[in-house]
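User: I would like to learn how to read the contacts in a model like this one, taking the features in turn. Could we begin with charged side chains?

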Amino acid sequence: MSTISFARGVPAPECLPVEELADCARVALERDGRTILSYGPSPGYAPLREWIAERQGVDPARVFLTNGSLQGFVFLAQRLAPGRRVLVELPTYDRPLKILRELGADVDLVACDDEGLDPDALEQALRDGPAPAFLYLIPTFQNPSGRTLSVERRRRIVELAQEHDLLVLEDDPYGLVRYEGEALPSLFELSGGHVAYSSSFSKTIAPGLRVGWFVFPEALAREVEASATATYITPVLLGQATVDEFVRRGSFEPNLERVKRLLGARRDAMLAAVDRDLPGVTTTRPSGGYFLWLELGGVDAADLLTRAEAAGVTFVKGTDFGGAFDTARLAFSFVSPDEIRDGVARLAAALPVTA
Ligand SMILES: Cc1ncc(COP(=O)(O)O)c(C=O)c1O
């Protein structure tokens, strides 16, 4: 019996537009190979920076491309976080949490509910301690919870940031991967461009390209540029030029629609299976992204994980994201709808009978 993974927050292999990307890479190299195959500017491939700048309504000089957005997060955190207080959501994406702790930041997890980060809890945190270096926030289809911050709260958080001169990093890799409903305005838009914004082509095209991007306030852009130059001189231009060809030939939107159809069916399959097989468990019901967040009603997720792995299914326990002992993250992005049904049935069998 092979293990079914609800742990992997990566797209299913059939989401990846392999043949078209092969053609895009070839065309990009033939057209602009002498630029792409040499060292270039540390903020990345100029034509792609221009395409992103136009979509975001900013000067291309503010757009910064990195080898995946996580690399940009590391640059930012290395500059700002050591020895400082940093605010994050409770729960939050595990990798930034680890990076911040390893850099010696004092990480404060701020309470969230079904509408996302609680602005009153944020205000309290801002009043209670030393001024934070920044607030790291994933407002849309959050990793790990799948939650989306309401518009009212987005406005309130932007106001609080202005009042307290707080830098906000809005991480938004999942916003475009929406299965139903209307997109909400980003904090970046609501703030008139004052927050730092990051996104990525990992969820909309392919993570292996390693193309992430940021729109920074100007002073921060210069700091991050210094880190990028010192670390790798130039990011991987071939991946960026391949993305550039992909978007310019008009493949971005149709591919995104295809990915949303594939992943929306998986989201539906997982919600239906959880509703059917896990009656004592509460789940979030995200309209996009990759994840469900389970509250297990007092069942220890670490014990459940041990039993689940023996039964042939795996997930990530909520404590890895700073969450409570009886919470868990299930990713529906990687596995097929059939595997989702089987995996949730295995999970149900691993739950204690009393739950
Ligand atoms: C919230 C969030 N930010 C950033 C990343 C990393 O993206 P990238 O592949 O661009 O480094 C992920 C990947 O899972 C993520 O969930």
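Analyst: In this predicted model, the side chains of arginine 266 and glutamate 14 meet in a salt bridge, with 2.8 Å from N to O. Arginine 266 belongs to helix α10 (residues 252-277) and glutamate 14 to the loop between β1 (4-5) and α1 (18-36), so the pair ties together parts that are 252 residues apart in sequence. The general idea is that side chains of opposite charge can pair when their charged atoms come close.

User: Are arginine 266 and glutamate 14 buried or exposed, or something in between?

Analyst: Arginine 266 is buried, at a relative accessible area of 4%, whereas glutamate 14 is partly exposed, at 41% relative accessibility.

User: How many salt bridges does the structure hold, and where does the pair of arginine 222 and glutamate 218 sit?

Analyst: The structure holds 25 salt bridges. In the one between arginine 222 and glutamate 218, the closest N and O atoms are 3.8 Å apart, a distance that still falls within the 4 Å cut-off for a salt bridge. Arginine 222 and glutamate 218 are four residues apart in helix α8 (residues 218-232), which means that about one helical turn separates them. Both arginine 222 and glutamate 218 are exposed.

User: Which parts of the chain are linked by arginine 285 and aspartate 275?

Analyst: The side chains of arginine 285 and aspartate 275 form a salt bridge at 2.8 Å from N to O. Arginine 285 lies in the loop between β10 (282-283) and β11 (291-295), and aspartate 275 lies in helix α10, so that the pair, 10 residues apart, links distant parts of the chain. Arginine 285 is partly exposed, with 49% relative accessibility, and aspartate 275 is also partly exposed, with a relative accessible area of 45%.

User: Which residues are joined into one network by salt bridges that share partners?

Analyst: Salt bridges with shared partners join Glu20, Asp23, Arg26, Glu30, Arg31, Glu245 and Arg249 into one network.

User: Turning to the cysteines, why is cysteine 15 not bonded to the closest cysteine sulfur?

Analyst: A disulfide calls for two cysteine sulfur atoms within 2.5 Å. The sulfur of cysteine 15 has its closest cysteine sulfur in cysteine 24, and because that one is 17 Å away, it is too far for a bond. Cysteine 24 is likewise in no disulfide, and the count for the structure comes to zero disulfides. Cysteine 15 is buried, at 2% relative accessibility, and cysteine 24 is buried too, at 0%.

User: How should I read the ligand site, and which residues come nearest to the ligand?

Analyst: One can start with the surrounding residues and then go on to individual polar atoms. There are 13 residues around the ligand, of which Ser69, Asp171, Tyr174, Ser200 and Ser202 come nearest. A backbone N or O atom of serine 69 is 2.7 Å from an oxygen atom of the ligand, and a backbone N or O atom of leucine 70 is 3.0 Å from an oxygen atom of the ligand. From the side chain of lysine 203, an N or O atom lies 2.9 Å from a ligand oxygen. Taken alone the ligand exposes 400 Å², and the protein buries 93% of that.

User: Finally, which residues make the nonpolar surface patch?

Analyst: Leu29, Leu37, Val236 and Leu238 make a nonpolar surface patch of about 340 Å². Leucine 238 is found in helix α9 (residues 237-248) and is partly exposed, with a relative accessible area of 32%, a value that passes the requirement of over 30% for patch residues.

Terms used:
Residues numbered from 1 in each chain as written. Predicted model: local features only at pLDDT ≥ 70, side-chain atom pairs only at ≥ 80, totals over all residues. Heavy atoms only, no water. Patch = residues over 30% accessible without salt bridge, like charges linked within 9 Å, V, L, I, M, F, W, Y side chains within 5 Å. Areas by Shrake-Rupley, 256 points an atom, 1.4 Å probe, with all protein chains shown as cover. Helix = DSSP H or I, 4+ residues; strand = E, 2+ residues; numbered from the N terminus. Buried < 20%, exposed > 50% of the residue type's maximum accessible area, 1.4 Å probe, protein only. Near = heavy atom within 4 Å. Polar contact = N/O pair within 3.5 Å; in protein donor to acceptor, adjacent residues only side chain to side chain.
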